[in-house]
Amino acid sequence: MGLKTSGQNKTRAAGKRPAAERGAQTGSNVEQLPQVQDASADLDDAPGKGSGGGARKKLKKLRQKVKATEAALEAAQQQVAETPAYPMARPAQMRRRHWGLVASFVLMVLAPLAAAVFYLWALAEDQYISTAGFTVRSQESGGATDILGGLANFAGNTTASDSDILYEFIQSQEMVEAVDKTVPLRPHYSQHWPDDWVFSLWPDATLEQMIWYWQRIVGISYDSGSGLIEVQAVAFDPETAREITRAIVAESQTRINELNEQAREDAMRYAREDLDEALERLKGAREALTQFRTRTRIVDPAADIQGRMGVMNNLQQQLAEALIEYDLLRGTVGENDPRLKKAQQHIDVIRERINIERQTFASTNTDTGAVGEDYPSLISEFERLTVDLQYAEETYRAALTALEVARDEATRQSRYLATYIKPTRAQESEYPNRPMLAGLVGLFLLLTWSILALIYYSIRDRS
């Protein structure tokens, strides 16, 4: 009994000790056990003598100690195997901060999400969409122009195209006012106010607020590469949505016609201005030539020179004939013969006339032009006036040709609106997209709540 009690106490003590100490104690017992067994074997091998009775008693005690040690060792090993290394955690329990986190989740996520779902499915009105697609086309033929246009686009053309102008025009105040005259926007989009206050327009909205609301009900998709424009209008009934897209297409066509007319007028105006300038230059050249003829009394200096040269040639011929007659007469008559004197007088008159005619080419008299105007200067002035007249005539003909070309180009390059998607009429509502909006609202609320919770716990842990 004593040994058993002692073994139990040792086992309890081993159970209360830490696992490391119990392992060390178990190892020491294991080391002592072979030593006790060796001592028992030595006693059994010893020869019997007078002290044999005492030896047997000692052997018996040793055997009892061995058995007690083995029993304690087994109990300690079992205790070590059953006892965990660390104490077991207690079951988790809800605390005040956990209940606060749950309450904040309900207030910040579930309640707003439920309100949004109720509004979307119970109060929000169905909206219908109408789509129209168009682009700006020109009657200009392709070829080298298209190649040059492609090179210009590759190099980076900064000139705005007609599609760019239409894209900005559809979003402008002018478009809103024009569509409002055709389709009354305020009565239609404010008919569900204030029940559907998210997707409706308030009745007393100003023009600026109408422009802001216009960005919500009209969507524009524009491809700058191809010039295709697609417009989508949203309304509370399909017919109104289609009327809005029709009005947008009609106003866009009107604006393209205005741009086309303006371009044509600009081209024609420039051509007419050039023609008027050339005509005035031609009139001035002709008037200058007329004044020259009036002042000099010479219609054509070239013909006048030819006439004068003819007179000179005739006088030269007459002088030669008179000299021949004088030589013949001098050989047949005496020196005092009156016929010889008359022939000499005839020769002198012809020579005088030749000198006079020659002097007229560089004269300063008033026979041809004003005083001090010599004939070569008049000829030079006439040639200058003639060149100016020819240049004015050529410029006038070129201006006439440019006007005709500008008229043809304006007619050939006229732009028009090509509608590749006519305004459609919806059969069922597509907006508002209730599942998507509910999912976005839930995701946004969840993210907001998560960020706020992380911020709260971060501050709480630091404090």
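In this predicted model, Arg281 pairs with Glu277 in a salt bridge whose closest N and O atoms are 4.0 Å apart. Both residues belong to helix α10, where they are four residues apart, about one turn of the helix. Arg281 has a relative accessible area of 35% and is partly exposed; Glu277, at 49% relative accessibility, is likewise classed as partly exposed.

**Salt bridges**

The model contains 15 salt bridges under a cut-off of 4 Å between a side-chain nitrogen of Lys or Arg and a carboxyl oxygen of Asp or Glu. In general terms, side chains of opposite charge can pair when their charged atoms come close. Three of the pairs are set out below.

| Pair | N to O distance | Location |
|---|---|---|
| Arg425 and Glu239 | 3.1 Å | loop between β4 (415–421) and α14 (434–462); helix α10 |
| Asp327 and Arg330 | 3.8 Å | helix α11 (residues 301–332) |
| Arg281 and Glu277 | 4.0 Å | helix α10 |

The pair formed by Arg425 and Glu239 joins side chains at an N to O distance of 3.1 Å. Arg425 is placed in the loop between β4 and α14 while Glu239 is in helix α10, so this salt bridge ties together parts that are 186 residues apart in sequence. Arg425 is partly exposed, its relative accessible area being 45%. Glu239 is also partly exposed, with 30% relative accessibility.

The pair of Asp327 and Arg330 lies within a single helix, α11, with the two residues three apart, about one turn of the helix. Asp327 counts as partly exposed at 43% relative accessibility, and Arg330 is partly exposed with a relative accessible area of 48%.

Beyond these pairs, a network of salt bridges links Glu174, Arg255 and Glu258.

**The nonpolar core**

The largest nonpolar core comprises 33 residues, and the members that touch the most others are Tyr189, Trp214, Ile244 and Ile248. At least two residues of this core come from each of β1 (128–138), α6 (162–170), α7 (173–182), α8 (185–189), α9 (207–217), β3 (228–235) and α10 (238–296). Which element gives the most to this core? Helix α10 does, with seven residues. As a general matter, nonpolar side chains tend to be buried together in soluble globular proteins.

**Surface patches**

Nonpolar residues also occur on the surface. Leu107, Met108, Leu443, Leu447, Ile451, Leu452, Ile455 and Ile459 make up a nonpolar patch there, and together they have about 750 Å² of accessible area. Two elements, α4 (96–123) and α14, give two or more residues to the patch. Helix α14 gives the most, with six residues. One of the patch members, Leu443, is in helix α14. Leu443 is classed as partly exposed because its relative accessibility is 46%, between the limits of 20% for buried and 50% for exposed.

Charged residues form further patches. Lys57, Lys58, Lys61 and Lys65 form a positive surface patch. Lys58 is located in helix α3 (residues 52–82). Is Lys58 buried or exposed? With 57% relative accessibility, Lys58 counts as exposed.

A negative surface patch consists of Asp274, Asp276, Glu280 and Glu287. Asp274 has its place in helix α10, which also holds the salt-bridged residues Arg281 and Glu277. Asp274 counts as partly exposed, at 44% relative accessibility.

**Cis peptide bonds and a position in α12**

Most peptide bonds are trans. In this model, however, the peptide bond from Trp193 to Pro194 is cis, with omega near 0°. Pro194 is part of the loop between α8 and α9. The peptide bond from Tyr431 to Pro432 is cis as well, and its omega is near -5°. Where does Pro432 lie? Pro432 is in the loop between β4 and α14, and Arg425 is found in the loop between these elements too.

Gln345 occupies a place in helix α12 (residues 338–360) and is exposed, with a relative accessible area of 54%. Gln345 and Ala322 are separated by 23 residues in sequence, and their C-alpha atoms are 9.8 Å apart in space.

Notes. Residues numbered from 1 in each chain as written. Predicted model: local features only at pLDDT ≥ 70, side-chain atom pairs only at ≥ 80, totals over all residues. Heavy atoms only, no water. Patch = residues over 30% accessible without salt bridge, like charges linked within 9 Å, V, L, I, M, F, W, Y side chains within 5 Å. Areas by Shrake-Rupley, 256 points an atom, 1.4 Å probe, with all protein chains shown as cover. Lys, Arg positive; Asp, Glu negative; His and termini not counted. Charge placed at Lys NZ, Arg CZ, Asp CG, Glu CD. Buried < 20%, exposed > 50% of the residue type's maximum accessible area, 1.4 Å probe, protein only. Core = buried A, V, L, I, M, F, W, Y, C linked by side-chain atoms within 4.5 Å.
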